[in-house]
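Here is a brief report on one protein chain. Please keep the sequence and the 3D view open while reading.

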Amino acid sequence: MTIRVAVNGIGTVGKRVAHAVTLQKDMKLVAICTRSPSPVIRTVLEPNGPLYGTDLYASDKEHLKMMKDAGMIVNGTLEDMLGRGDIDVIVDCTPGGVGEKNKPIYEKFKLKQIYEGGEKASVADVSFTAVANYEKALNVNSVRVVSCNTTSLVRTLWTIDTNFGVKEAFAALARRAADPPEDKKGPINAIVPSLSVPSHHAPDVQTVLPHLKIMSLAVVVPTTLAHVHMVEVTLKKKVSREKVLEAFNEATRILLFKGKEGYSSTASIIEKFRDLCRPRYDMYEVGVWEETVDVKGNKLYWIHMVHQESIIIPENIDAIRAITGEETDKWKSIEKTNKSLGILK
Ligand SMILES: NC(=O)c1ccc[n+]([C@@H]2O[C@H](COP(=O)([O-])OP(=O)(O)OC[C@H]3O[C@@H](n4cnc5c(N)ncnc54)[C@H](OP(=O)(O)O)[C@@H]3O)[C@@H](O)[C@H]2O)c1
């Protein structure tokens, strides 16, 4: 069966999810909805844009008028879209908190729902990262794809935990201040600590890996390209550095980068994805700096980077397959998604 998908909220994440849906052999992008005639929606619907020809809807009557007044062809409101009768899954990519407000409307139309990491965990039946808990999302009504930071921590920690056993973990996060197009956000000359201890990331990891003991601290830094995490793991048993590198090498959606080969910063790694001609230089994989992977006694250390705008895109695609039960095998879904997005392993 072809899974019929609609996306609500066409910003940083929504435009990527919608585009990724169009690349799946087993999915169809039926419609999209957004709030205003932003440059993003105008561009993606241009004749050469990735969503050209997709039916467009507006969040409500007021915004429908606004978009029509701006010269856009709009088919109706969110409710009109949801009432079409040809949608199996709605992916809500609106800003954090809006998804929760939209939930009763989705439920009225009895649609399967996918939410993003800006929503509270309570919005959905399952918080999701494909490798860790695909099976838990099979045939449920709603899934929350956890945030970019959480996705990277779950992928790496799940890999170490399943291979060697994690007693406890600590992550220090340097978070990007804004996404590249956001010209009204900062800081531009400050480092801003998260004042809650733990930062919200450790409890968020536990929404996917409830058994994992983890603590996190976070600061926001003036950069737009990526987040960087410094991770310390107390292992249940001693392992060699080589075994850890092997485990990361074998894991899906985790790449090892050598600083000595020139991949010495977030900038030089992002440049690789520009040169690979990935759409929008998207980097769906977690990038671990090989030299930083080290073992001292029963402690394991590494530093990794997260392309915040795109790391969660493959997870959204896998979540769509899981929630509909159309693919019950986690690895088959991951393989299909990886192939469609050009993820090599
Ligand atoms: N950005 C990231 O790096 C990132 C990474 C992982 C997860 N997430 C999560 O993904 C979700 C979306 O974030 P984002 O960064 O994509 O946000 P974004 O760039 O601000 O995009 C949100 C889009 O939703 C539209 N919108 C706002 N209210 C709406 C409504 N009531 N109905 C329909 N559309 C509405 C916005 O329209 P306007 O054009 O009018 O503003 C905008 O186009 C959040 O939960 C966020 O936490 C974000």
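The sections below cover domains, cores, one buried threonine, backbone geometry and a surface patch.

## Domains

This is a predicted model. The domain assignment splits the chain in two. Domain 1 takes residues 3-146 + 312-341. Domain 2 takes residues 148-306.

The centres of domain 1 and domain 2, taken over C-alpha atoms, are 26 Å apart. At their contact, domain 1 supplies 26 residues and domain 2 supplies 18 residues.

## Nonpolar cores

The largest nonpolar core holds 84 residues. Within this core, Val7, Ile32, Ile160, Val233, Trp302 and Ile320 touch the most other members. Helix H7 (residues 148-164) gives the largest share, seven residues. Where does this core lie relative to domain 1 and domain 2? Both domains give residues to the core, so it lies between them.

Trp302 shows what such a position involves. Among its contacts, leaving out residues up to four places away in sequence, are Thr156, Leu157 and Ile160. Trp302 also touches His229, Met230, Val231 and Val233. Phe248, Val288, Thr292 and Val293 complete the list of its contacts beyond four places in sequence. A second core is separate and has 15 residues, including Ala6, Ala31, Tyr57 and Ile87.

## A buried threonine

Thr129 sits in the loop between strand E6 (126-128) and helix H6 (130-133). Is Thr129 buried or exposed? Its relative accessibility is 0%, so Thr129 counts as buried, the cut-off being under 20%.

Residues up to four places away in sequence are again set aside for its contacts. Thr129 then touches Tyr134, Val146, Thr151, Val154 and Arg155. Val208 and Glu315 are also contacts of Thr129.

## Cis peptide bonds

Most residues other than glycine have a negative phi, and most peptide bonds are trans. Two cis bonds deserve a look here. A cis peptide bond links Gly186 to Pro187, with omega about 5°. Pro187 belongs to the loop between strand E8 (166-176) and strand E9 (192-193).

The bond from Val197 to Pro198 is also cis, and its omega is near 0°. Pro198 is in the loop between E9 and helix H8 (201-208).

## Positive phi values

Cys277 has a positive phi, near 60°, and is not glycine. Arg280 has a positive phi too, near 55°. Cys277 lies in the loop between helix H10 (266-275) and strand E13 (286-289). Arg280 lies in the loop between H10 and E13.

How do the two residues count in terms of accessibility? Cys277 reaches 65% relative accessibility, over the 50% cut-off, so Cys277 counts as exposed. Arg280 has 26%, between the 20% and 50% cut-offs, so Arg280 counts as partly exposed.

## A nonpolar surface patch

Which residues make the nonpolar surface patch of about 250 Å²? Val197, Met215 and Leu217 make this patch. Val197 also starts the cis bond to Pro198 described above.

Met215 is part of strand E10 (residues 214-221). Its relative accessible area is 34%, so Met215 is partly exposed. Patch residues need over 30% relative accessible area, and Met215 has 34%.

Conventions
Residues numbered from 1 in each chain as written. Predicted model: local features only at pLDDT ≥ 70, side-chain atom pairs only at ≥ 80, totals over all residues. Heavy atoms only, no water. Patch = residues over 30% accessible without salt bridge, like charges linked within 9 Å, V, L, I, M, F, W, Y side chains within 5 Å. Areas by Shrake-Rupley, 256 points an atom, 1.4 Å probe, with all protein chains shown as cover. Salt bridge = Lys/Arg side-chain N within 4 Å of Asp/Glu carboxyl O. Helix = DSSP H or I, 4+ residues; strand = E, 2+ residues; numbered from the N terminus. Buried < 20%, exposed > 50% of the residue type's maximum accessible area, 1.4 Å probe, protein only. Contact = heavy atoms within 4.5 Å. Core = buried A, V, L, I, M, F, W, Y, C linked by side-chain atoms within 4.5 Å. Domains from an automatic or database assignment.
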